[in-house]
Amino acid sequence: MSRVQTLTVAVAGVALLAPSASSAAESVHLRPSRAETRRVASGPAPGSALPTALPHVAVPHRGRIEPVARDGAREVLTPVAGPGGSAAPDAAPSAPATTVSAPVTTTGTATPSPDASGPATPGPDPSDPERTAPTVPAPVTAADLLDKVSGCTPVSRGRYRKDRGTAATVPVCGTRDAVYWKADMDIDCDGRPGAHCNAGTDPNFSSSTAFAQSDGRALSSEKLPYVVVPAPSGIWDYREHGVRGGSVAAMVYRDRVSYAVVGDVGPTDIIGEASYAAATSLGIDPDPRSGGAPSGVTYIVFKDSRVTPLEDREAAESQGERLAREFVDSAD
C-alpha cells in the first residue's frame with residue numbers, strides 16, 4: 001500500500017472514534033477538566049479579573065469576627081447595598097476590600113488587639129457570692145427597734161390612760177424621724193363590717209373610720225393592719241408632728257415586728273389601740289370583746305410618711321421595713 005493510501009485510512013479511523021462537537025461540549029460542561037479544577041481550587045491567577053458575583057453564604061449569628069490581614073490589622077469587608085438597604089449577593093462589589101490599620105469597633109464580643117494598653121477590667125467572679133449578688137440588708141428585728149426607743153424625749157404635754165378609769169402613765173415620745181409610745185393593745189373593729197367585725201361581735205362597733213380608703217369607703221379592720229392615734233387635744237396633736245392618715249407605723253410585741261398605717265382616731269385621753277388585722281399580725285388575740293394585750297406593745301409612727309393608696313397593705317410593709325432600717329441606722 002502506498003503512503004497516500006495509508007494516511008487516508010488512518011485519518012478515517014480517527015474520524016470514526018472521535019465524538020461529535022456537541023457531545024464534547026456537553027462532556028466539558030458536566031465534568032470540568034483537571035486543569036480547570038486546579039485553577040478554581042487555587043483561585044484566580046495573578047493579574048486575572050475577579051468574578052462579577054460571589055455566592056451568598058449564610059453565617060450563624062454568633063457575633064461578627066473581623067478578618068485579620070497578614071500585617072496584623074483588621075480588614076473590613078464592605079457589602080454592596082441592594083434594594084431595601086440589604087446586601088445584594090448578585091451585585092458586583094463597588095470597591096475592593098479595604099484594609100484599615102486603626103482599631104475597629106464591633107457589636108460582637110471582640111478580643112483586644114495585642115497592642116492594647118492597660119490591664120483588662122476583670123468581670124464578676126462566679127465563685128465570689130459578694131461580687132455576684134447585691135447585698136440585701138437583714139430585716140429589722142424587734143430588738144433593734146426596742147433598743148432604739150429605749151429612752152424617751154416627751155413630745156406630749158401630758159400623759160395618756162391605757163383604759164378608761166386607769167391612771168395616765170403613757171407619754172408620747174419623739175425623735176427627729178418618729179414618734180412612739182408604749183402601751184397596751186385594745187382591738188378596734190370599726191370600719192366595713194365583716195365576719196369578725198360587726199355590731200354583733202363588737203358592742204362598740206362603728207361602720208366608719210376617721211380615714212377612708214381610695215374609693216371613699218371606710219377601712220376594713222379585718223384586712224388592713226392600722227393603728228389608732230388619740231384625737232387632737234391639749235395633751236398632744238399628732239398633726240403637729242408629721243402624722244396623718246396613711247402614715248407608716250411599726251408595731252413591736254415580744255419578738256415580733258409588724259407594719260401598719262395610721263387608720264383611725266380614738267378618744268382624746270386614751271392611747272393603745274389597733275385593728276383586728278394588726279393584732280393578728282403580732283400574734284395577739286384579735287377578738288374585740290376579750291382579745292388584745294394588757295401591755296408590752298410599742299407603736300412607732302414615722303414622720304412625714306404616707307402609703308398611697310391607704311389600703312395598700314404590701315406598700316405599708318415595704319415602706320415600713322425601709323423606714324425602720326433608716327430609723328435604726330440613724331444617729332439620732
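Biologist: Why is arginine 322 called partly exposed?

Modeller: Its relative accessible area is 43%. Buried means under 20% relative accessible area and exposed over 50%, with partly exposed in between (1.4 Å probe, protein chains only). The value of 43% lies in between, so arginine 322 is partly exposed. This is a predicted model, in which local features need pLDDT of at least 70 and side-chain atom pairs count only at pLDDT 80 or more, while totals for chains, interfaces and linings use all residues. Residues are numbered from 1 along each chain as its sequence is written, and side-chain values use heavy atoms, with hydrogens and water left out.

Biologist: What makes the contact of arginine 322 and glutamate 326 a salt bridge?

Modeller: A salt bridge requires a side-chain nitrogen of Lys or Arg within 4 Å of a carboxyl oxygen of Asp or Glu. For arginine 322 and glutamate 326 the N to O distance is 3.4 Å, so the rule is met. Glutamate 326 is itself partly exposed, at 44%.

Biologist: How far apart along helix α7 are arginine 322 and glutamate 326?

Modeller: They are four residues apart in helix α7 (residues 313–329), and therefore separated by about one helical turn. Helices (H or I, at least four residues) and strands (E, at least two) are DSSP runs, numbered from the N terminus.

Biologist: How many salt bridges does this rule give?

Modeller: The count is eight. Among them is the pair of arginine 217 and aspartate 215, at 2.9 Å from N to O. Both partners are partly exposed: arginine 217 has 45% relative accessibility, and aspartate 215 has 45% as well.

Biologist: Is arginine 176, a partner of aspartate 177, buried or exposed?

Modeller: Arginine 176 stands at 57% relative accessibility, and therefore counts as exposed. Aspartate 177, at 27%, is partly exposed. The closest N and O atoms of this salt bridge are 3.6 Å apart.

Biologist: Why is strand β9 described as largely enclosed by the rest of the structure?

Modeller: Eight of the eleven residues of strand β9 (residues 256–266) are buried, so the description follows.

Biologist: What makes strands β8 and β9 a pair?

Modeller: Two strands pair if DSSP finds at least two bridges between them. Strand β8 (residues 248–253) and β9 have six bridges, so they pair, in the antiparallel sense. Valine 252 stands opposite valine 257 in β9. The hairpin of β8 and β9 has two residues between the strands, and arginine 254 takes a positive phi near 55° there.

Biologist: Which way does strand β7 run relative to β9?

Modeller: Strand β7 (residues 226–230) and β9 run parallel, joined by five bridges. Valine 228 has aspartate 264 in β9 as its bridge partner.
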